[in-house]
Amino acid sequence: MKKTAFMATLLAFALFTSCNAQELKTIKLLAPTARRGGDLMEAFASRASIREYDTKELSLQDLSDLLWAANGLNRVEEKRFTAPTVQNKQEICLYLLDAEGAYRYDAFRNELVPVAKGDFRKVAASRQEFSATAPVTLVIVGDFSAFPPERNWTMTDAGYVSQNIYLFCAGNGMATVARGTMDKEGLHKALGLTAGQQPVLNHPVGYRK
């Protein structure tokens, strides 16, 4: 009986999320800018964890380049990404939260796919309220079912994406910080994740003040 009630609640939530997501539009991203951001060594020199952000919205080009740098396709025909994964599992998924809703980054179509309507930045911020002041938050989600429990590389693969975000921001006048603090259960529900998927890290991102 309890199991039936739980399944009914889960189905109702899924339908609610689906209807809400339909109110959002898919965001078609721009092609990544091939040359920008200065020298890589300069980016290393200026990389820092920054917890204050300008509230100005990111331009579509900056947003497009940020997502591509984080975990976009850089070898289209081979279906390979800017961030490596152990055994090429490609178990990392990137989500974006803004004031309008939650989106899943589809690197193959180069677009943001609506997931749920509503501002979930505070869910990602949890008790660290400064995080919700950034115009966007990137949530790095890993599918832990891709590896056996005794040798699970999902956290490592998430770290590669996190470092890509750091270096792009450092080289392009943006501020970010990698955070492990978040309402994981709340995000799991909001993003409609599978049983094997879990939010690993999140990055609030905005222009530097």
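User: How do strand 4 and strand 7 pair, parallel or antiparallel?

Analyst: Let's start with the idea: two strands pair if DSSP finds at least two bridges between them. Here, strand 4 (92-97) and strand 7 (136-143) run antiparallel, with six bridges. For one example, I92 has G142 in strand 7 as its bridge partner. By the way, this is a predicted model, where local features need pLDDT of at least 70, side-chain atom pairs count only at pLDDT 80 or more, and totals for chains, interfaces and linings use all residues. Residues are numbered from 1 along each chain as its sequence is written, and side-chain values use heavy atoms, leaving out hydrogens and water.

User: And what do strand 4 and strand 5 form?

Analyst: They make a hairpin, with three residues in between. Strand 5 covers residues 101-106, and its antiparallel pairing with strand 4 has three bridges. Look for L96, which sits opposite Y103 of strand 5. Strands here are DSSP runs of E, at least two residues, and helices are runs of H or I, at least four, all numbered from the N terminus.

User: Which way do the side chains of strand 4 point, and are they buried or exposed?

Analyst: In a regular strand the side chains alternate between the two faces of the sheet. In strand 4, I92, L94 and L96 point one way, while C93, Y95 and L97 point the other, and all are buried. Buried means under 20% relative accessible area, exposed over 50%, and partly exposed in between (1.4 Å probe, protein chains only). C93 has 15% relative accessibility, so it counts as buried.

User: Why does C93 not bond with C169?

Analyst: A disulfide is a covalent bond between the sulfur atoms of two cysteines. The cut-off is a pair of cysteine sulfur atoms within 2.5 Å. The closest cysteine sulfur to that of C93 is in C169, but it is 19 Å away, so that's too far for a bond. The structure holds zero disulfides.

User: Where does C169 sit?

Analyst: C169 is one of the buried residues of helix 5; its relative accessibility is 1%, so it counts as buried. Contact means heavy atoms within 4.5 Å, and what covers the buried residues of this helix includes strand 4 and strand 7.

User: How far apart are the end C-alpha atoms of helix 5?

Analyst: The expected span of a helix is 1.5 Å times one less than its number of residues. Helix 5 has 18 residues (154-171), so it should span 26 Å, and its end C-alpha atoms are 26 Å apart, which agrees. After helix 5 comes G173, with a positive phi near 70°.
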